[in-house]
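Work through the following exercises with the sequence and the structure side by side. Try each task before you read its solution.

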Amino acid sequence: MFNESDRETMEFDIVIVGAGPAGLSTAITAAREAQALGIDINICVLEKGSEVGAHLVSGAVVETEVIKQLVPDWAEKDAPIQCQVKTESFHLLTANDKSVPIPTILLPNSLHNLGNSLVSLGELCRWLAIEAEALGVEILTGFAAARLMIDENNNQVTGVITGDMGIGKDGIAGSNFTPGYALRASYTVLAEGCRGHLGKEVITRFSLDQGSTPQHYGLGIREVWEIPSSQHIEGHVMHTLGWPLQEHAASGGAFLYHYPDNKVAIGLITDLNYSNPWLSPYQEFQRMKQHPVYASILQGGKRLGYAARALVKGGLQSLPKLTFPGGVLVGDDAGTLNFLKLKGTHCAIQCGQLAGKVVAQACQNGAEQSEITAYTEAFANSSLYKELWQARNAGPAIHKFGLYGGSLYTWLEQTLLEGRAPWTLKDKVPDHATLQKVTKASSITYAKSDGVLSFDRLSSVYLSNTFHEEDQPCHLQLIDAAVPIAKNLPLYGEPAQRYCPAAVYEITNNDQGKESLQINAQNCVHCKTCDIKDPAQNICWVAPEGGGGPNYPSP
C-alpha cells in the first residue's frame, strides 16, 4: 500500500500548469524578469499532453504584435508564422443553399483580420517552449497535474501533485504502479486552458467568482483539409454566421482559413447556451460543410485532421478574481478570450506576460506570500483589460437579443460608441441551465454521413490520434451514477449523447432491456463540453494518465 508521505517531492519557485500560450508566456516573462532582477529562480511547466502542442487545437488567426512583445527577435528566430492574412470575406448563411456577403465596411474594426497572421497554435507553442527552455525553464511533458496541494490550514495552494501511473480501472495499483510527484511551489500558476479542472477547483474553493456572472462557453469543432489548388487562396480568411445553427434558435459562427500548401482549417463554434436538447454541434458542423459556400472549397479535397475544444466567451463580466492564496489564473483558465474578435491567443500571451512579471517580482522577496495583489492591479491597468472592457457586451447581446438583434446592437455600440457604452449587459443564466425538456423541444433528425463532406464521429476521433491507456480509472466521473438514466434521460433525452463531439457517451440496453449510460472514455478528446453542458452538473472531468488524449497534427 502506497503511503502518501513517501511521495517524492520536488521544490520550485514557480509551477505552471499548462504549456499553452498563456503558460509559456508566463514562464518566459518570469525567467526574463528574474534575470533583470538578478535573482535565481527555478520554474517548472507541466504539460499533460505527450508533447507541447499535442492538445492544442491548431489553426488560428493571431495578432503577431504580442509575439513580438514576448520574443522581440521572433523573426530572426524563425517563429512559425504560416502566412499573413491577405484577403477576407464574411457571409450570412440564410438557408442551406443561400448566403449574403457582408461588406467589410459594415463590420466593427475588431472583426477585421488584414495584417494578422495564420499560425498553427501547436507549432507556435513548441517554438515558445524552446525559447523558455533556453532561459532555464524546465518543461515536463506527459505529466498531468492531478490535484492541488493545500497547506495544513487548508487556506493556501502550495503546489500540485502529478497523476499516479499504473492504477487499474478498479482503482487498485498494478505491478507497474508509479506514484506521481509532489511539486511544491512558492507560487502556482494555472494555465490549463478553458474549464481547467484545477482552475475550476480553486474558483470554487476560494469563491473567486463572487460578483461575476456565470462563465459562458462555446464548443469549437475543427477539421483540416487539403484541397485542390484551383480552390485555394493562400492567406484568405472567411467567416460566416447564421445557418445551420440559426435554424434551431442557436447561435455561433464558423470559419475557414487558407494555409500554405493547399491546406485549409474549417470549423464551427456552437454557443453552449443552446436550448434544444436534440441539437448536436457535431452534426451541425457536418451540415454546414454541405452549404455551397463551404462545399465549393472542400469538394475534391481530402480530410486530414479533426479536433474539438470548448472555449470561453463570457467576457469581462464573467472573469473570476484572478488571484488565490498561493497562485494566479491566466489565459482561458481565467476566461480572457475576446469574443468580439473571435480570438484568445493574443489575450492569453498578454495575460501570461502580466502574470510572469509580478510572480517573478514576488519571488524576489524569498518567501511565500498569500496572494499577489500586484497581478490584479497590473491587469486592471493593462491594454488587455481595456480591450476586454470595450468588447464586454458582444456576447451577452447575442444571448439577449438573438443573432440579428445582438449583431445589430454590437455594430451600433462598437461603431458609434467604440465600445464605451455606459452600461454592461449581463447573462446570469449558466449554459447548463438553458435546455428545454424533450416534451417541449422540436426533434431534430440528422442525415447519415456521406463520407465525402460529412463523416461519423468515430472516424473523426480516429483522425484526432486520440489514445488513452484503457486500464485506468475513468476520468469522466459521475457524481451520482443514477442521474443519467433517472433524470437526464426522461427530462432531456440524455443530451450527452449529442453534445459530445467524440461519441464518448451512449445509452445501451442489457439483455433485460435495462438502460444504462456507457462512457467510452478512451474516445475523449478533452474538450470539456460534458463538464460544462450537463444539465445536472453531474459529470466531472478530471485529468487521465499523463500523455493520454489527442495528438493533434498541425495544419
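**Exercise 1.** How many disulfides does the count come to?

Solution. The model is a predicted one, in which local features need pLDDT of at least 70 and side-chain atom pairs count only at pLDDT 80 or more, while totals for chains, interfaces and linings use all residues. Residues are numbered from 1 along each chain as its sequence is written, and side-chain values use heavy atoms, with hydrogens and water left out. Begin with the rule, by which a disulfide is a pair of cysteine sulfur atoms within 2.5 Å. Under this rule the count is zero disulfides. As one check, take Cys363, which is in no disulfide, since its nearest cysteine sulfur, that of Cys44, is 13 Å away. As another check, take Cys500, where the nearest cysteine sulfur belongs to Cys527 and is 5.9 Å away, so that Cys500 is in no disulfide either. The next step is to look at the surroundings, where buried means under 20% relative accessible area, exposed means over 50%, and partly exposed lies in between (1.4 Å probe, protein chains only). Cys363 is buried at a relative accessible area of 10%, and Cys500 is buried at 7%.

**Exercise 2.** Find the salt bridge of Lys341, and state which parts of the chain the pair ties together.

Solution. Recall that a salt bridge is a side-chain nitrogen of Lys or Arg within 4 Å of a carboxyl oxygen of Asp or Glu. In the whole structure, a search finds 19 salt bridges. In one of them, Lys341 meets the side chain of Glu63, with 2.8 Å from N to O. Now locate both residues, using helices (H or I, at least four residues) and strands (E, at least two) that are DSSP runs numbered from the N terminus. Lys341 lies in the loop between strand 20 (327–329) and helix 7 (345–363), and Glu63 lies in the loop between strand 3 (60–62) and helix 2 (65–70), so the pair ties together parts that are 278 residues apart in sequence. Finally, both Lys341 and Glu63 are buried.

**Exercise 3.** Describe the salt bridges of Asp531 and of Lys289, giving the partner and the place of each.

Solution. Take Asp531 to begin with: its side chain meets that of Lys200 in a salt bridge of 2.8 Å, N to O. This pair links distant parts of the chain, with Asp531 in helix 14 (residues 529–533) and Lys200 in helix 4 (residues 197–205), 331 residues apart. Asp531 is buried, with a relative accessible area of 3%, whereas Lys200 counts as partly exposed at 27%. Then take Lys289, whose salt bridge is with Glu223, the closest N and O atoms being 2.8 Å apart. Lys289 lies in the loop between helix 5 (281–288) and helix 6 (292–298), while Glu223 lies in strand 14 (residues 217–226), so this pair ties together parts 66 residues apart in sequence. Lys289 and Glu223 are both buried. Elsewhere, salt bridges that share partners join Arg32, Asp73, Lys77 and Glu131 into one network.

**Exercise 4.** Which peptide bond is cis, and what is the phi of Leu342 and of Asn465?

Solution. Keep the general pattern in mind: most residues other than glycine have a negative phi, and most peptide bonds are trans. Against this background, the peptide bond from Trp243 to Pro244 is cis, with omega near 5°. Pro244 is found in the loop between strand 15 (236–242) and strand 16 (252–258). Turning to phi, Leu342 has a positive value near 60° and is not a glycine. Leu342 lies in the loop between strand 20 and helix 7, and is partly exposed with a relative accessible area of 44%. Asn465, which is not a glycine either, has a positive phi of about 55°. Asn465 is found in the loop between helix 11 and strand 21, and is partly exposed at 40%.

**Exercise 5.** Where is Ser318 found, and is it buried or exposed?

Solution. Ser318 is found in the loop between strand 18 (302–312) and strand 19 (323–324). At 4% relative accessibility, Ser318 counts as buried. To complete the picture, note that the C-alpha atoms of Ser318 and Gln215 are separated by 5.0 Å, although the two residues are 103 residues apart along the chain.
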